[in-house]
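Let's walk through this structure together, beginning with one strand and working outwards. Please have the model open on your screen as you read.

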Amino acid sequence: MFGYYLDLALRSLKRNKVLTALMVLAIALGIGTSMTTLTVMHVLSGDPIPGKSAQLFRVRMNVYPDDSFRQGDKVPDNLTRRDAEALLLAGQADRQAAMSAGAMVVVSAKGEPLRVATRYTGADFFPMFDAPMRYGAAWRREDDAGRARVAVISDALNEQLFGGADSVGQTLRVGDQSLRIVGVLGDWSMNPRFYDLSNGQFGDSEQVFVPLSTALDLKLSTSGSTSCWGNAPDPRAADAPCIWLQYWAELGTPAKAAAYRQYLQNYIALQQQGGRFTHDGQAGLLDVMQWLDAKGVVPADVRLQTWLALGFLGICLLNTVGLLLAKFLRRSGEIGVRRALGASRRAIFVQCLVEAGVVGIAGGAFGLALAALGLVLVRHQPTDYGAYVHMDLRMLLATFVLALASSLLAGLLPAWRAMHVAPAVALKSN
Amino acid sequence: MRILRQIRPILSALRSHKTAVTLLMLEIALTMAVLGNLVFIVYGTMQRSHMATGVAESQIGWIQSIGVLGQDNPGTGAENIAVLRNAPGVLDAAYGSPPFVGKETNPIFPDAARSRPVAHAYVVQGSQHMSTTLGLRIVQGRDFNDGDLPDLMDVFMKKTDTPLPALMTQALAQRLYPDGKALERILYDGRYAYRVIGIIDHLRSEVTGRANDDDALLTEYRIGAQDLGGGYLIRSRPGQLPQALKAAAAALQKANPGHVENKVHTMAELRENYFKSDLAAGRMLVAIIAILLVVTALGVSGLASFWVQQRRRQIGMRRALGATRGDILNYFQAENFLIVSGGVLLGVFFAYALNLFLMHRFELAHLPAHYLLAGALALWLLGQLAVLGPALRAAAVPPAVATRSV
């Protein structure tokens with residue numbers, strides 16, 4: 001039966017080519033536009049580290065002194081060096097790392113200074129964020145404690161400085177200091193760069209990674225948000241009243257996360273008893289997706305475009321409803337004949353929907369091409385996320401589901417009207 | 001008048017196509033809602049990208065000169081300013097950063113207790129000559145003089161409790177002191193106290209479209225014998241910025257062999273960079289507007305051709321009874337005008353509803369009424385253009401059709 005309806009649909013569509021083309025075009029434009037913006041949305045709000053995002057937690061706490069604490073304020077994102085070092089020492093999570101972004105100038109073999117983006121962190125950073133090594137290995141936890149003069153460099157910097165050769169054991173000149181390269185990262189970038197959203201939310205990974213303890217020892221320059229209360233001549237000092245370090249913990253199971261939450265509460269309580277503050281303090285964990293959500297990583301203009309594109313799809317649907325209605329009712333005579341020969345109302349209804357579905361599939365295929373074109377345009381826009389936008393298999397399937405669903409939805413009313421055509425009247429007026 | 005007489009038969013003809021007419025009116029109303037709001041957003045972005053910051057943008061360049069750790073560097077801050085000022089084509093120079101570079105608002109408090117902020121303003125700090133290099137216009141009070149300026153180290157180490165002398169924008173002064181007496185007032189941010197010595201007309205550190213863009217305090221400190229990495233500003237003679245900036249960057253590099261000049265930009269480049277993602281989003285919206293208009297035109301024209309086909313016999317009869325081709329053309333044009341008008345009326349409500357939603361979710365301003373008027377005109381025009389083809393085909397139907405069966 002379905003084959004017969006399909007045949008009828010194709011015949012009918014062929015009979016009025018202009019109207020068919022208009023319907024396909026309307027659906028294709030609606031699908032193309034909305035899939036372009038939905039793909040951008042999907043990439044921006046996607047999971048940067050699938051499979052692990054529920055086990056990685058941003059650790060935040062509020063240890064402001066009483067005169068800076070305000071009830072109901074948000075928990076600050078960063079920790080003081082004192083608290084970060086205390087949590088690291090306690091080591092209550094499976095893995096943990098405090099970190100900060102920075103920049104430094106390294107000197108190439110030819111003696112040319114080169115400015116690079118850096119990350120100062122701990123040995124756990126690499127296994128925690130699944131960073132693969134091309135050559136060598138990450139530094140060890142002992143290196144963190146020993147302020148070892150070591151570094152891990154990115155694949156790109158290795159290419160630039162050493163022509164892509166295995167540079168493990170080579171030294172990286174940083175002013176009058178030198179760092180020994182222990183590892184070269186493989187292909188690794190997190191987009192959005194969730195572990196530190198304060199230095200550009202999208203982009204390549206940092207070029208040089210150095211133990212935080214070493215960076216502090218060498219007074220390497222840090223960047224990122226720092227906020228201090230009270231007198232802070234050196235905001236990086238061990239006891240400086242400044243929050244500036246990002247802290248991540250890996251907690252493999254919900255039970256461990258619960259235990260860690262409890263540990264943080266106890267830590268805050270101890271600080272309170274120690275006389276740092278008299279308020280209750282705040283401490284919390286956010287997993288990767290909660291963290292991205294809290295930081296509003298999806299830009300407002302992308303969310304706006306998504307809403308508008310959906311409205312636009314609605315307009316295209318209304319358009320298709322009108323055209324399908326015209327098409328089906330024009331065939332009242334033919335429908336009258338079929339009804340008179342014994343076709344049930346249901347059969348007419350299904351036949352009309354099959355026709356609408358064929359239009360939808362055609363519109364979806366064409367719309368997919370338009371969406372691909374739209375994404376090329378998005379990639380050429382000077383936005384920091386543009387380069388990372390691409391369509392994956394899920395969005396491809398979603399395109400066809402959306403096209404089919406919307407064309408069937410658009411076909412409902414016209415099909416309903418068509419099945420109520422009175423056979424006698426339709427035959428007579430012919 | 002002929003058209004007016006036609007309205008009654010048109011309305012009664014439309015009554016027998018209620019569903020199709022309703023759909024078309026809904027489509028036009030939705031198009032109008034989306035179109036009005038989109039044009040409003042895009043126009044707002046374009047206007048913003050031309051908003052002046054209040055500094056002498058066409059003459060200002062910025063050089064970021066960063067110290068390499070452990071490299072000896074003979075240059076000092078004061079000498080660097082002198083070197084820059086002596087470069088050919090340079091009028092003035094200072095240590096600091098221009099609008100669009102790394103600016104954040106600070107909470108401003110009326111008293112030292114800092115319990116309730118009264119404003120969130122941009123606090124711009126720079127060395128001696130900062131205000132003259134930026135070319136700020138003082139409308140009340142005075143500019144900094146040499147005796148005012150505290151030493152950089154005293155400011156950074158916070159060794160002084162004396163309020164720092166500061167210039168305030170008119171907008172912030174009016175917000176904080178509606179009585180007009182802003183001069184000599186003391187106010188506080190999270191870290192320092194400031195004394196207002198003069199009022200400047202404008203200083204926008206960012207152009208976000210928010211009300212506090214033009215709320216700013218500018219303070220200067222004296223830099224001397226420190227080796228100072230960071231941003232340096234120059235102001236060139238009018239029309240000489242590219243050459244002057246190049247010469248200044250070269251001179252500064254020569255005086256600071258231990259520094260790397262990471263970024264050298266004119267204000268025009270900084271502005272372009274600041275707005276590029278907004279303008280990119282604007283271009284996406286323009287593309288959506290264009291496609292939207294095409295789709296709506298397709299819908300109008302598709303339904304009109306269907307009606308023309310359906311009514312061939314009636315058209316033939318009217319022609320046989322004496323109607324001219326012009327009458328038939330007018331009939332379809334008038335019909336389209338009535339449908340679009342209905343859609344436009346409904347569209348006004350839809351547009352305001354969408355605007356309310358966007359205001360709520362995206363800090364959009366209230367949609368001014370003239371955008372709706374423009375939208376209505378655009379849709380009337382679009383409808384007439386879209387119906388023209390089918391209407392011409394209708395007018396070409398020969399009277400003989402009436403005598404044949406369809």
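In this predicted model, A:Gly102 lies across from A:Thr118, a residue of β4(A). That pair is a good way into strand β3 of chain A, which covers residues 95-107. Eight bridges hold β3(A) and β4(A), residues 113-121, side by side, and the two run antiparallel. Another partner of β3(A) is strand β12 of chain A, residues 242-250, again antiparallel, with five bridges between them. To find that pairing, look for A:Ala98, which stands opposite A:Tyr247 of β12(A). There is also β10(A), residues 222-223, which pairs with β3(A) in the antiparallel sense over two bridges. Here A:Ala101 has A:Ser223 as its bridge partner.

With those neighbours in view, is β3(A) enclosed or open? Of its 13 residues, 11 are buried, so the strand is largely enclosed by the rest of the structure.

Now zoom out to the whole of chain A. The chain contains 14 helices and 13 strands, and buried residues account for 44% of its 430 residues. Its C-alpha atoms occupy a box of roughly 95 × 55 × 35 Å along the principal axes. How does the radius of gyration of chain A stand against that of a compact globule of 430 residues? Chain A has 31 Å, whereas such a globule would have a value near 22 Å. The domain assignment splits chain A into domain 1, made of 2-45 and 298-429, and domain 2, spanning 56-295. Between the centres of these two domains, taken over C-alpha atoms, there are 50 Å. As for contacts within chain A, consider those between residues at least 6 apart in sequence: 77% of them join residues at least 24 apart.

Chain B can be read in a similar order. Its domain assignment gives domain 1 as 2-49 plus 275-403 and domain 2 as 72-257, with 55 Å between the two centres over C-alpha atoms. Within the range of domain 2 of chain B, have a look at strand β9 of chain B, residues 216-221. Six of its six residues are buried, so β9(B) is largely enclosed by the rest of the structure. You can check this face by face: B:Ala216, B:Leu218 and B:Glu220 are buried on one side, and B:Leu217, B:Thr219 and B:Tyr221 are buried on the other.

Which strands pair with β9(B)? One is β4(B), residues 119-127, which runs parallel to β9(B) and is joined to it by six bridges; B:Val124 has B:Leu218 as its bridge partner there. Another is β6(B), residues 164-169, which runs antiparallel to β9(B) with three bridges, and in that pairing B:Met168 is matched with B:Leu217.

Finally, turn to where the chains meet. The contact draws 40 residues from chain A and 36 residues from chain B. On the chain B side, α2 (18-48), β11 (259-266) and α8 (267-310) each supply at least two residues. The largest share, 16 residues, comes from α8(B). By type, this side of chain B divides into 23 nonpolar, 10 polar and three charged residues.

How confident is the predictor in all this? For the complex, the predictor gives an ipTM of 0.71 and a pTM of 0.75. Chain B has an average pLDDT of 88, and 97% of its residues score at least 70.

Note on methods
Residues numbered from 1 in each chain as written. Chains lettered and ligands numbered in written order. Predicted model: local features only at pLDDT ≥ 70, side-chain atom pairs only at ≥ 80, totals over all residues. Contact = placed C-beta atoms within 7 Å. Helix = DSSP H or I, 4+ residues; strand = E, 2+ residues; numbered from the N terminus. Nonpolar A, V, L, I, M, F, W, Y, C, P; charged D, E, K, R; others polar. pLDDT = per-residue confidence, 0-100. Domains from an automatic or database assignment. Buried ≥ 20, exposed ≤ 12 C-beta atoms within 10 Å, placed from the backbone. Pairing = 2+ DSSP bridges. Rg over C-alpha atoms; globule rule 2.2 N^0.38 Å.
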